[in-house]
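Work through these exercises with the model open beside you. Try each task before reading its solution.

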Amino acid sequence: MTIALRKLQPTQSTTNNKEVSAMNAVFEQLLIEFEIKPTAVILIDLMRFHLKSVSRMNEFANRMLYEDSPFSLIVKMWKEDVNAHSYTDKFTFVHDYYRDKKAAFEKLFQEPAHDWKMERFTCDDPERIYNTYVEQGKYSSMTKIALFA
């Protein structure tokens, strides 16, 4: 199943109003197609994070044919993203943490790093955070690591 028929072409400004409107329309179409209610805020938040392109939204739509629920699919896609895009070494995480803490958290955990999640970390030592992440397992959430770091 393909939701969007055309791939949006990149322009100089990636936040072009037409592109943003088209992306939002495709996203809204996914929510309607798979009967995801507006009250499913956690699922919608995760979908917005992981489905950032039309091709990724199409992948989601196609894979939903073989899934029981949108949540189970987004969890699978999250794990795939952790495997493909998360940090594989402490040095790079520490370096990025000092440059842009939020971006480093999002790359490490492959989930949105909302302010309320970042505020749960009482530790500001990126090495300790990364070590805790490795100890707890690569599929740990930010809030879980915040409890142990």
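Two residues are in contact when they have heavy atoms within 4.5 Å. The model used here is predicted.

**Exercise 1. Describe the secondary structure of the chain.**

Step 1. Count the elements: the chain has nine helices and zero strands.
Step 2. Read along the sequence. The pattern is α-α-α-α-α-α-α-α-α.

**Exercise 2. Find the buried residues of helix 2 and say what covers them.**

Step 1. Locate helix 2 at residues 41-50.
Step 2. List its buried residues: L43, I44, L46, M47, F49 and H50.
Step 3. Look for the cover. It includes helix 1 (17-33), helix 3 (54-63), helix 4 and helix 6 (101-109).
Step 4. Set this against the whole chain, where buried residues make up 41% of the 149 residues.

**Exercise 3. Is H50 buried or exposed, and which residues does H50 touch?**

Step 1. Place the residue: H50 belongs to helix 2.
Step 2. Apply the cut-off. Buried means under 20% relative accessible area. H50 has 5% relative accessibility, so H50 is buried.
Step 3. Leave out residues up to four places away in sequence; H50 then touches R56, I74, W78, D81 and Q110.

**Exercise 4. Examine D81 and its link to H50.**

Step 1. Place D81 in helix 4, which spans residues 70-85.
Step 2. Use the cut-off of 20% again. The relative accessible area of D81 is 9%, so D81 is buried.
Step 3. List its contacts, leaving aside neighbours within four places in sequence: H50, R56, S86 and Q110.
Step 4. Check the side chains of D81 and H50. A polar contact of 2.7 Å joins them.
Step 5. Compare the two contact lists. R56 and Q110 appear in the list for D81, and R56 and Q110 also appear in the list for H50.

**Exercise 5. What lines the largest pocket?**

Step 1. Start with its volume, about 300 Å³.
Step 2. Name the elements that give two or more residues to the lining: helix 2, helix 4 and helix 7 (115-118).
Step 3. Turn to the residues. The lining has 15 of them, and I42, L46, E111, K117 and S141 lie nearest the pocket centre.
Step 4. Sort the lining by type: eight nonpolar, four polar and three charged.
Step 5. Link back to Exercise 2. L46 is one of the buried residues of helix 2.

**Exercise 6. How much of the accessible surface belongs to carbon and sulfur atoms?**

Step 1. Take the total, about 9200 Å² for the chain.
Step 2. Read off the share: 53% belongs to carbon and sulfur atoms.

Terms used
Residues are numbered from 1 along each chain as its sequence is written. This is a predicted model: local features need pLDDT of at least 70, side-chain atom pairs count only at pLDDT 80 or more; totals for chains, interfaces and linings use all residues. Side-chain values use heavy atoms; hydrogens and water are left out. Helices (H or I, at least four residues) and strands (E, at least two) are DSSP runs, numbered from the N terminus. Buried means under 20% relative accessible area, exposed over 50%, partly exposed in between (1.4 Å probe, protein chains only). A polar contact is a pair of N or O atoms within 3.5 Å; within protein, one must be able to donate a hydrogen and the other to accept it, and residues adjacent in sequence count only if both atoms are side-chain atoms. Accessible areas come from the Shrake-Rupley method with a 1.4 Å probe; for residues, only the protein chains shown count as cover. On a 1 Å grid over the protein atoms alone, a cavity is a set of points where a 1.4 Å probe fits but cannot get out, and a pocket is an open set with protein on both sides within 12 Å along at least five of seven lines; lining residues have an atom within 4 Å of a point. Grid points are joined across faces, edges and corners, and a volume is the space filled by probe spheres set on the points. Ala, Val, Leu, Ile, Met, Phe, Trp, Tyr, Cys and Pro count as nonpolar, Asp, Glu, Lys and Arg as charged, and the others, Gly among them, as polar.
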